Amino acid sequence: MFKRICLFLGLNILIVASVSILCDLVGLRPYINRSGLDLTSLAIFCLIWGMVGSFISLLLSKKIAKWMLSVRIISNNANQTDMERNLCSMVQKLSIKARLMSVPEVGIFENAQCNAFATGASKKSALIAVSSGLLHTLSDSELEAVLAHEMTHITNGDMVTMTLLQGVINSFVMFLSRVCAYALVNAGRDNNRRASNGISFYLFTILFEMIFLSLGSLLIFFVSRKREYAADKGAARLTSKEQMIDALKALDLSQKMTKKEWEKQKSFAAMMIKPTKKVTFSRLFATHPTIEERIAYLESLSERYFSTDSYTRNPI
């Protein structure tokens, strides 16, 4: 809990300071003045706030993951166990096959739940981390498929893609909420009686932000689920379709057995493999498809997607 509070405060202080400095550098004027709402200043203000916050989070994502989950880096450790050496060897071989210029860092975090994630600001500074439960539960073949899934997230640039999308959504949410709040507060007023500030404006801004952010989140979650399907397909091409399906089935079984453990740890849940859930309205707000959906997707793909020639002609 203390780590999360420090992280939250630290990130917010860094974002506020960065945005304030940037606004001063570009000479940004207040977006509400005596003449009314300056849409140009408002758009620049929202774009800076939306994008800067997202990219600061991206740049710090690897450090945050290491700190929050106590990830132990093993890729540069000379005193590796046989299991750790095998894990690093798999990542290195998959990196070569995926045509990555740099081998990602490899780490392990203590958690009985079978899980893994990839993070980092770029392909050259990526991290693949796996839980201790994953290492002790899955076979080498299944582990390789899971690593290939995370490797595909890196090669596809999913971390940057989702950051850009989040930044754009944040910017639109801030812009639209302020425009709507200003219009609502000043409805029926003439130009000489327009309210340029006040608690009602800020309260309506918060209300509209909540509404628009919920709608924007639907798009973010939809794209996230699509990226998971793409990562599964990429993993199947790096290994094999059957191997990836077997890994998903093993994960499904292990997650059903340790559902309580999953509920205890939700940090970085969006980056990790999700437990199976029934298809309901809440699935619209899920970052991952269910494992059943992922298996069905792989089974529906033609074998031509997984041939070596196809991989060469049409990279992941």
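These legends describe close-up views of a predicted model.

**View 1. Helix H2 packs against helix H7.**
H2 covers residues 39–59, and H7 covers residues 158–185. Their axes lie 8 Å apart, at an angle of about 150°. Angles over 145 degrees count as roughly antiparallel. The crossing of H2 and H7 is right-handed. Sorted by class, the residues of this contact are 17 nonpolar, 7 polar and 1 charged.

**View 2. Four strands, E3, E4, E6 and E5, build an open sheet.**
The strand order is E3-E4-E6-E5, and the pairing is mixed. Strands of a sheet pair through backbone hydrogen bonds, either parallel or antiparallel. Which strands form the edges? They are E3 (72–73) and E5 (116–119), each paired on one side only. E3 runs antiparallel to E4 (residues 105–109), and 2 bridges join this pair. In that pairing, Ile-73 sits opposite Gly-107 of E4.

**View 3. Helix H3 packs on the sheet.**
H3 spans residues 61–69. Which strands does H3 touch? It contacts E3, E4, E5 and E6, the last being residues 127–131. The direction of H3 makes about 150° with that of E5.

**View 4. Helices H4 and H6 cross at roughly 50°.**
H4 is residues 82–97 and H6 is residues 140–155. Their axes come within 10 Å. The crossing angle makes H4 oblique to H6. H4 passes H6 in a right-handed crossing. From H4, the contact uses Asn-86, Leu-87, Met-90, Val-91, Leu-94 and Ser-95. From H6, it uses Asp-140, Leu-143, Glu-144, Leu-147, Ala-148 and Met-151. By class, the residues of the H4 and H6 contact are 8 nonpolar, 2 polar and 2 charged.

**View 5. Helices H8 and H11 also cross at roughly 50°.**
H8 runs over residues 199–238, and H11 over residues 291–300. The two axes come within 10 Å. H8 and H11 are therefore oblique to each other. Their crossing is right-handed. H8 contributes Glu-228, Tyr-229, Asp-232, Lys-233 and Ala-236 to the contact. H11 contributes Glu-293, Arg-294, Tyr-297 and Leu-298. How many residues of the contact of H8 with H11 are charged, and how many nonpolar? The contact has 5 charged and 4 nonpolar residues, with no polar ones.

**View 6. Phe-208 and Phe-212 form an aromatic pair in helix H8.**
The model holds 5 aromatic pairs, counted with ring centres within 6.5 Å. One of them joins Phe-208 and Phe-212, whose ring centres are 6.0 Å apart. Why does this pair count as stacked? The ring planes of Phe-208 and Phe-212 meet at 15°, and planes under 30 degrees apart count as stacked. Phe-208 and Phe-212 are 4 residues apart in H8, so about one helical turn separates them.

Notes
Residues are numbered from 1 along each chain as its sequence is written. This is a predicted model: local features need pLDDT of at least 70, side-chain atom pairs count only at pLDDT 80 or more; totals for chains, interfaces and linings use all residues. Side-chain values use heavy atoms; hydrogens and water are left out. Axes are lines fitted to C-alpha atoms, for helices over the stretch in contact, and angles run from 0 to 180 degrees between N-to-C directions. Angles under 35 degrees count as roughly parallel, over 145 as roughly antiparallel, 65 to 115 as roughly perpendicular and the rest as oblique. A crossing is left-handed if the near helix is turned anticlockwise from the far one by less than a right angle, and right-handed if clockwise. Contact means heavy atoms within 4.5 Å. Ala, Val, Leu, Ile, Met, Phe, Trp, Tyr, Cys and Pro count as nonpolar, Asp, Glu, Lys and Arg as charged, and the others, Gly among them, as polar. Two strands pair if DSSP finds at least two bridges between them. Rings of Phe, Tyr and Trp (its six-membered ring) pair if their centres lie within 6.5 Å; planes under 30 degrees apart count as stacked, over 60 as edge-to-face and the rest as tilted.
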